[in-house]
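Here is a short briefing to read alongside the coordinates. Take a look at the fold first, and then walk through the points below.

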Amino acid sequence: MGWTEEGEKMAESETTVSSPETRVIHHPVLGDLPDAPVVHLTVDGREIAARAGEMIAAALLANDIHVFRTSPHSGEPRGPFCAVGRCPDCMMSVDGVLNVQTCQTPVRDGMSVETQHGLGTWKGGEA
Ligand code: FES
C-alpha cells in the first residue's frame with residue numbers, strides 16, 4: 001500500500017510493489033521513493049515481491065521478515081544489525097550459496113533465499 005503526498009493510503013493498484021507499512025516511502029530529506037519494477041523471489045518457499053535494485057535485506061524487512069539466520073552457538077534468531085556489510089547477522093543462503101550478506105546483495109527476479117541455520121548446510125555440488 002502506498003501513500004499520497006497528503007498522507008492518505010493509495011489503492012494497491014496504484015503502486016508498483018505491495019508495500020507494507022514498514023517500507024519508507026516518503027522521507028523528509030530524500031523525498032518520495034521513486035517507482036521501480038517489481039521482481040519476485042522466494043524466501044523459505046514463500047514468494048514475496050521486491051523493488052528491482054534493492055538489497056535482499058530491505059526486501060525481507062519490507063515484507064515483515066526479521067529472522068535471517070540462527071546463531072551457530074546458541075541457536076538464537078538473528079537479523080540485520082549493521083546493514084553496511086560489517087557483521088554476520090544478515091547472512092542467508094541465496095540460490096544455494098551460504099553466508100551471503102543480504103544487506104549487500106541486490107534482489108534478482110526468481111532468486112531463492114533461505115534462512116541459514118547455524119553454519120548452514122551445503123546443498124551444492126563439489127566446490
Ligand atoms: S547487517 Fe551486518 S553485514 Fe548485513
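Two strands count as paired here if DSSP finds at least two bridges between them. With that in hand, T42 can be placed: this residue stands opposite E47 in β4. Please keep in mind that the model is predicted. The protein comes to one helix and 10 strands, and from the N terminus the elements follow the order β-β-β-β-α-β-β-β-β-β-β.

**Overall picture**

- Of the 127 residues in the protein, 24% are buried.
- Among contacts with a separation of 6 or more, 41% join residues that are 24 or more positions apart.

**Strand β3 and its partners**

- β3 and strand β4 (residues 46–51) run antiparallel, and six bridges join them.
- The hairpin of β3 and β4 has two residues between the strands, and D44 takes a positive phi near 50° there.
- β3 also pairs with strand β9 (residues 112–114), this time in the parallel sense and over two bridges.
- T42 takes part in both pairings: E47 stands opposite this residue in β4, and S112 does so in β9.
- Which side chains of β3 are buried, and which are not? V39, L41 and V43 point to one face and are buried, while V38, H40 and T42 point to the other face and are not.

**The largest nonpolar core**

- This core holds 19 residues, of which I56, A57, A59 and L60 touch the most other members.
- Two or more residues each come from β3 (38–43), α1 (56–62) and β7 (91–94).
- Which element gives the largest share? That is α1, with seven residues.
- Leaving aside residues up to four places away in sequence, L60 touches V43, I65, F68 and T102. One of these, V43, is also among the buried side chains of β3.

**A three-stranded open sheet**

- The strand order in this sheet is β6-β5-β10, and the pairing is mixed.
- β6 (77–78) and β10 (116–117) are the edge strands, each pairing on one side only.
- Strand β5 (residues 69–70) pairs with β6 in the antiparallel sense over two bridges. Within that pair, R69 stands opposite R78 in β6.

**Loop residues to look at**

- Most residues other than glycine have a negative phi. Two loop residues are worth viewing with this in mind.
- A83, in the loop between β6 and β7, is not a glycine yet has a positive phi of about 60°. Because 17 other C-beta atoms lie within 10 Å, A83 is partly exposed.
- D95, in the loop between β7 and β8 (97–101), also has a positive phi, with a value near 50°. D95 is partly exposed because 13 other C-beta atoms lie within 10 Å.
- Is V84, in the loop between β6 and β7, buried or exposed? V84 counts as exposed, because there are 10 C-beta neighbours inside 10 Å and the cut-off for exposed is 12 or fewer.
- V84 and C103 are 19 residues apart in sequence, while their C-alpha atoms are 6.7 Å apart in space.

Conventions: Residues numbered from 1 in each chain as written. Predicted model: local features only at pLDDT ≥ 70, side-chain atom pairs only at ≥ 80, totals over all residues. Core = buried A, V, L, I, M, F, W, Y, C linked by C-beta atoms within 7 Å. Buried ≥ 20, exposed ≤ 12 C-beta atoms within 10 Å, placed from the backbone. Helix = DSSP H or I, 4+ residues; strand = E, 2+ residues; numbered from the N terminus. Contact = placed C-beta atoms within 7 Å.
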